[in-house]
Amino acid sequence: MSSTESPSVSAASVLPRVAPVRVGEGERLRSVGLPGVTLSVRSRPPARAGLPPALYVHGLGGSSQNWSSLMAELDGVLDNEAVDLPGFGDSPPPDDGDYSVTGHARAVIRYLDAAGRGPVHLFGNSLGGAVTTRVAAVRPDLVRTLTLVSPALPELRVQRTAVPTGLLAVPGIAALFTRLTREWTAEQRVRGVMALCYGDPGRVSPEAFRQAVEELERRQQLPYFWDAMARSARGIVNAYTLGGQHGLWRQAERVLAPTLLVYGGRDQLVGFRMAHRAARAFRDSRLLSLPDAGHVAMMEYPELVAGAFRELLAQANGSGEAAGAADARG
């Protein structure tokens, strides 16, 4: 190869230098190279050996940091890992530029297959809820239980407050929004996001707000930031339009794993009215309704979500023991 030729390289190797991602107390962050994608994985050393494995998947615009509080709550219950989806958090864009729900699900499946940790207790929020629903439907061998916090499943009547987020899927809108809001500070942007995602933004501590601002400032230096947002939003919209066996509601009906559904009464992005439809769709489901929560209940009320998961786990383990006893008698 001559000196004027450029070698073929993956997206992960041409990223600009930006500030490091925050790693909370008791957490570790590592990069995992997989075919076509490199994923950043946040974990906590398990409290003891032999704990069942768990994997957490964030929503649109989020990252593995969204799960830090819930992972801490479940420290002695699970061996916790949270993934940054391609193009989010500390994960670079996928090599093929595929930000569809299926593309994200494929990345999660590749990681679980490579890690050999399955079946896992799988958690998903918003976009991550759609992704993990698809994973649980197509690869039931990888999922022990499924916990969905405000999952982005298709709605016929989308809430008015969710329309601006959906508009990101329209080609050119992200670039236009960036130009129109170029004078906004990171603090203004974070306040807007928190007002949209939290039932009560006042629950956010000054330290957590400062950390969110620092993370946004870091991400805004990444050249693919808005592209990842827009393409992933487009992926959600496209997934909403799919019918037949690839439709998300049809896939929800195929999920075999015991499922915990968490919905917030003040959610401005996923309608609270969808909770009962979801409870009917998932064949083995339990519903936790939090009237004061918004779109990210695992961040607002991690102790309540953790408590509900412990109940799910106890019931799932009890059912497994009962089934094993029945098999032994047979």
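Select Ser150 first: in this predicted model, Ser150 counts as buried because its relative accessibility is 1%, and the cut-off for a buried residue is under 20%. The residue lies in the loop between β6 (143-149) and α4 (163-167). Its backbone also deserves attention, since Ser150 is not a glycine and yet has a positive phi of about 45°.

Move next to Ser126, in the loop between β5 and α3 (127-138). Here, too, phi is positive in a residue other than glycine, with a value near 55°. Is Ser126 buried or exposed? With a relative accessible area of 10%, Ser126 is buried.

**The aromatic rings**

Now display the side chains of Phe, Tyr and Trp. The structure holds five aromatic pairs. Begin with Tyr56 and Trp67, whose ring centres are 5.3 Å apart; their planes stand at 45°, so this pair is tilted. Tyr56 belongs to strand β3, while Trp67 sits in the loop between β3 and α1 (68-73), so the pair ties together parts that are 11 residues apart in sequence. Both of these residues, Tyr56 and Trp67, are buried.

Keep Tyr56 selected and add Phe123. How are the rings of Tyr56 and Phe123 arranged? Their centres are 4.3 Å apart and their planes meet at 20°, so the pair is stacked. Phe123 is part of strand β5 (residues 120-125) and Tyr56 of strand β3, which means that this pair ties together parts 67 residues apart in sequence. Tyr56 and Phe123 are both buried.

Add Phe309 to complete the view. Ring pairs link Tyr56, Trp67, Phe123 and Phe309 into a cluster.

**Helix α2 and the loop after it**

Select residues 101-115, which form helix α2. Why should this helix span 21 Å? Helix α2 has 15 residues, and the expected span is 1.5 Å times one less than the number of residues, so 21 Å is expected; the C-alpha atoms at its ends are 21 Å apart, in agreement with that figure.

Colour the buried residues of α2 to see where they fall along the helix: these are Val101, Gly103, His104, Ala105, Ala107, Val108, Ile109, Tyr111 and Leu112.

Step past the end of the helix to Gly116, which follows α2 and has a positive phi, near 65°. Continue along the chain to the peptide bond between Gly118 and Pro119. This bond is cis, with omega about 0°. Pro119 is located in the loop between α2 and β5.

**Arg44 and its surroundings**

For the last stop, select Arg44, in the loop between β2 (37-43) and β3 (53-57). Arg44 counts as buried because its relative accessibility is 13%.

Which groups does the side chain of Arg44 reach? One is the backbone oxygen of Glu25, at 3.4 Å. In addition, the side chains of Arg44 and Asp75 are joined by a polar contact of 3.1 Å.

To see the wider surroundings, show the residues in contact with Arg44, leaving aside its neighbours within four places in sequence. They are Glu25, Gly26, Glu27, Met71, Ala72, Asp75, Asp79 and Asn80. Glu25 and Asp75, already selected for their links with the Arg44 side chain, are included in this list.

Notes:
Residues numbered from 1 in each chain as written. Predicted model: local features only at pLDDT ≥ 70, side-chain atom pairs only at ≥ 80, totals over all residues. Heavy atoms only, no water. Helix = DSSP H or I, 4+ residues; strand = E, 2+ residues; numbered from the N terminus. Buried < 20%, exposed > 50% of the residue type's maximum accessible area, 1.4 Å probe, protein only. Polar contact = N/O pair within 3.5 Å; in protein donor to acceptor, adjacent residues only side chain to side chain. Contact = heavy atoms within 4.5 Å. Phe/Tyr/Trp six-rings, centres within 6.5 Å; stacked < 30°, edge-to-face > 60°.
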